[in-house]
Amino acid sequence: MRESYLFTSESVSEGHPDKVSDQISDAIVDLFLSKDSEARIACETLTTTQLVVLAGEIRCKGVYENDEWAPGAKEEIEATVRNTVKEIGYEQDGFHWEKLEFINRLHGQSAHIAQGVDAGANKDEGAGDQGIMFGYATDETPDLMPATLYYSHKILERMAADRHSGAAPFLEPDAKSQVTLKYEGSLPVAATAVVVSTQHAPGYDEGEKEAELHAYVKRVVADVIPPVLLRETEYHINPTGSFEIGGPDGDAGLTGRKIIVDTYGGAAPHGGGAFSGKDPTKVDRSAAYITRYLAKNVVAAGLATRCTIQIAYAIGVSKPLSLYVDTHDTGTVGDDKIEAAILGLAKLGGLTPRAIRTHLGLNKPIYRKTAAYGHFGRTPEGDLFPWERTDLVDDLKAALS
């Protein structure tokens, strides 16, 4: 590893057009799972000026069966979409929860996909698609996440909270952040640059109001990033000048376009599959969650200070094709021994799609909250973010003792 280097990660707010799409897609996932825990959902969302379009494949008892919608189902879907946009805070001329046009193009799941995924008399439930998934953890922050992404998320979370509470009434929903840290060895020692672009009320791009917005952003950054890292920081706040037009009115949004923001900010590999809009039989989602869970527990157990885990599947096949552990030369035992320990834990059920869903309790309406500010590094609470628990630490230690 290099002794000294700069690394950067970015985040986007809940009002970013792609994140609006992610949140709508996951609100639909939650709606269907609340009706049928075995529902199949692949919901993509397009957002643009005064328009939301849903497309994809579904199967859900009591909602969509035999190629027909249940009475009231379409209306409930539309209400869910509009309420999601309302909660984000969009009441603008170019995008308004009440005035936008809504188009629903969801349809039934392909029978050919279903036959490969569903369990049968002679087969276990198969993976919903082929692919590779990665999990990662590092001891840079208390949440075992890369510090660059951790701070980028926290800046925007704080700004969103202030917007919703009225503490910063000049803020509008769309925003982006970016944090560059200087590392010495594996530890961040300075924040060399912070970028924040936020949509704002009219007039906050010049004079005293612009100065007020800039001062506010710097206060937020100072509250989020430790002072010891902010000694010689270069700030870029709304560097293009005005940012009044934003959200889906300023740029079209699509589900799944912020996969690096959703995961590790570029500090770890990504298999390429998005999470939002997918039920947990889709290993793009569930296997990415289990690999984060495993990597986090490896680091929490003191077996390494950094850990990357890859897993691979074939569509319709339950058993994973491979499991790979890399502790980046920080491990206290061999990576091959950690692999064997993971595969030997009976409670993980061989990491089949069904075993993952069962162990983490994924067949529940828990996904809307994942769709902004990252799927990882969040606080597990009740049914939410179960892949962030560190309840596998003792099992791993025992298996490696």
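**Close-up views of a predicted model**

The protein carries 40 positive and 59 negative side chains, and the centres of these two sets lie 3 Å apart. The structure is a predicted model, and the legends below take the whole chain as their starting point before turning to individual residues.

**Figure 1. The whole chain, with its 11 helices and 15 strands.** The C-alpha trace spans about 70 × 60 × 30 Å along its principal axes. Because a compact globule of 401 residues would have a radius of gyration near 21 Å, the 22 Å of this protein agrees with that expectation. Of the 401 residues, 55% count as buried, while the area that the protein exposes comes to about 16500 Å², 49% of which is supplied by carbon and sulfur atoms. When contacts between residues at least 6 apart in sequence are considered, 73% join residues at least 24 apart.

**Figure 2. Ser9 in strand 1 and its contacts.** Ser9 belongs to strand 1, which runs over residues 4-12. With a relative accessible area of 2%, Ser9 falls under the 20% limit and therefore counts as buried. Its side chain reaches the backbone oxygen of Gly265 at 2.8 Å. Leaving aside neighbours within four places in sequence, Ser9 is in contact with Tyr264 and Gly265, with Ser177, Gln178 and Val179, and with Thr148, Leu149 and Ser152. Of the elements named in these legends, helix 4 covers residues 147-165, and so the last three of these contacts, Thr148, Leu149 and Ser152, fall within its range.

**Figure 3. Asp284 in helix 8 and its polar contact with Lys278.** Asp284 is part of helix 8, residues 283-300. The relative accessible area of Asp284 is 15%, which is under the 20% limit, so this acidic residue counts as buried. The side chain of Asp284 makes a polar contact with the side chain of Lys278, at 2.9 Å. Lys278 also appears among the residues in contact with Asp284 once neighbours within four places in sequence are set aside, together with Met133, Gly273, Ala274 and Phe275.

**Figure 4. Helix 10, its buried residues and what covers them.** In helix 10, residues 353-360, the buried residues are Pro353, Ala355, Ile356, Arg357 and Leu360. An α-helix has 3.6 residues a turn, so residues three or four places apart point the same way. The cover over the buried residues of helix 10 includes helix 8 and strand 14, the latter spanning 306-313. After the helix comes Gly361, whose phi is positive, near 65°.

**Figure 5. Leu144 and Asp329, two loop residues with positive phi.** Most residues other than glycine have a negative phi. Leu144 has a positive phi near 60° although it is not a glycine, and Leu144 sits in the loop between strand 9 (131-138) and helix 4 (147-165). Asp329, likewise not a glycine, has a positive phi of about 65° and is found in the loop between strand 15 (322-326) and helix 9 (335-343). Is each of these residues buried or exposed? Leu144 has a relative accessible area of 12%, under the 20% limit, and is therefore buried, whereas Asp329 reaches 84% relative accessibility, over the 50% limit, and so counts as exposed.

How values were computed:
Residues are numbered from 1 along each chain as its sequence is written. This is a predicted model: local features need pLDDT of at least 70, side-chain atom pairs count only at pLDDT 80 or more; totals for chains, interfaces and linings use all residues. Side-chain values use heavy atoms; hydrogens and water are left out. Helices (H or I, at least four residues) and strands (E, at least two) are DSSP runs, numbered from the N terminus. The radius of gyration is taken over C-alpha atoms; the globule rule is 2.2 Å times the number of residues to the power 0.38. Buried means under 20% relative accessible area, exposed over 50%, partly exposed in between (1.4 Å probe, protein chains only). Contact means heavy atoms within 4.5 Å. Accessible areas come from the Shrake-Rupley method with a 1.4 Å probe; for residues, only the protein chains shown count as cover. Lys and Arg count as positive and Asp and Glu as negative; His and the chain ends are not counted. The place of a charge is taken as NZ of Lys, CZ of Arg, CG of Asp or CD of Glu. A polar contact is a pair of N or O atoms within 3.5 Å; within protein, one must be able to donate a hydrogen and the other to accept it, and residues adjacent in sequence count only if both atoms are side-chain atoms.
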